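Open the model in your viewer and keep the sequence panel in sight. This tour moves from one selection to the next.

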Amino acid sequence: DKTAKKPSGPADITPELASRFARLFLSGTYTRGKKGTERKRSPTTLSFYLRGLSAVWGQFRDLGYTRENPWANVRRPE
């Protein structure tokens, strides 16, 4: 959505944005190797990033930068 306001800080990330990120990240590809072969991202990679983001936002919450951790309830891949 081109008209949506871009987040300017941790407090602007909502659970909806976090879920959208997870869907888009998993549907994307990455390039690896000299030949530039495109590969799909794995659910394990997404779980790794969601765990890290949730940990960081937990610290943001403890410091008073956010009220909630939007990454805590993002659906994890199977």
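Select P70. P70 sits in the segment after α2. This is a predicted model. Is P70 buried or exposed? With a relative accessible area of 3%, P70 falls under the 20% cut-off, so it counts as buried.

Now show what surrounds P70. Leave aside its neighbours within four places in sequence. The contacts of P70 are then I13, T14, P15, A18 and W57. Add D12 to the view. D12 and P70 are 58 residues apart in sequence, yet their C-alpha atoms are 9.9 Å apart in space.

Go next to W57, one of the contacts of P70. W57 belongs to helix α2. Its relative accessible area is 10%, so W57 is buried. Which residues does W57 touch, leaving aside neighbours within four places in sequence? They are P10, I13, T66, E68, N69, P70 and W71. I13 is in contact with P70 and I13 is also in contact with W57. For a separation to set beside these contacts, pick P77. From W57 to P77 the count is 20 residues in sequence, and the C-alpha distance is 20 Å.

Stay in α2 and select S54. Its relative accessibility is 17%, so S54 counts as buried. Beyond four places in sequence, S54 is in contact with N69, W71, A72 and R76. N69 and W71 appear here, and N69 and W71 appear among the contacts of W57.

Now highlight the whole of α2, residues 43–63. The helix has 21 residues. From its first C-alpha to its last, α2 reaches 30 Å, close to the 30 Å expected at 1.5 Å a residue. Colour its buried residues: L46, S47, L50, S54, W57 and G58. Look down the axis of α2. The buried residues fall within an arc of 110 degrees, so they line one face of the helix.

What do the buried residues of α2 pack against? Select α1, residues 15–27: that is their packing partner. Then turn to the other side of α2. T44, F48, Q59 and L63 are exposed there.

Step just past the end of α2 to G64. Here G64 takes a positive phi of about 90 degrees.

Carry on to R75. Like P70, R75 is in the segment after α2. Is R75 buried or exposed? Its relative accessibility is 69%, over the 50% cut-off, so R75 counts as exposed. Add S47, one of the buried residues of α2. S47 and R75 are 28 residues apart in sequence and 9.4 Å apart in space, C-alpha to C-alpha.

Leave the helix for the strands. Select β1, residues 29–32, and β2, residues 37–40. How many bridges join β1 to β2? There are four, and the two strands run antiparallel. Take the pairs in turn. Y30 has R39 as its bridge partner in β2. R32 has T37 as its bridge partner in β2.

Then look between the strands. The hairpin of β1 and β2 has four residues there. In this hairpin, G33 takes a positive phi near 90 degrees. G64, just after α2, also has a positive phi, of about 90 degrees.

Zoom out to finish. The secondary structure of the protein comes to two helices and two strands. Along the sequence, the pattern reads α-β-β-α. The radius of gyration is 14 Å, well over the 12 Å that the globule rule gives for 78 residues, so the protein is more spread out than a compact globule.

Turn the model along its principal axes. The C-alpha atoms fill a box of roughly 45 × 30 × 25 Å. Of the 78 residues, 21% are buried. P70 is one of the buried residues, and W57 is another.

Show the surface as a last view. The accessible surface comes to about 6,300 Å², and 52% of that area belongs to carbon and sulfur atoms. Contacts can be sorted by sequence separation too. Of those with a separation of 6 or more, 41% involve residues 24 or more positions apart. The contact between P70 and I13 is a good one to revisit here.

How values were computed: Residues are numbered from 1 along each chain as its sequence is written. This is a predicted model: local features need pLDDT of at least 70, side-chain atom pairs count only at pLDDT 80 or more; totals for chains, interfaces and linings use all residues. Side-chain values use heavy atoms; hydrogens and water are left out. Two strands pair if DSSP finds at least two bridges between them. Buried means under 20% relative accessible area, exposed over 50%, partly exposed in between (1.4 Å probe, protein chains only). The expected span of a helix is 1.5 Å times one less than its number of residues. The arc is that of the directions from the helix axis to the C-beta atoms. Contact means heavy atoms within 4.5 Å. The radius of gyration is taken over C-alpha atoms; the globule rule is 2.2 Å times the number of residues to the power 0.38. Accessible areas come from the Shrake-Rupley method with a 1.4 Å probe; for residues, only the protein chains shown count as cover.
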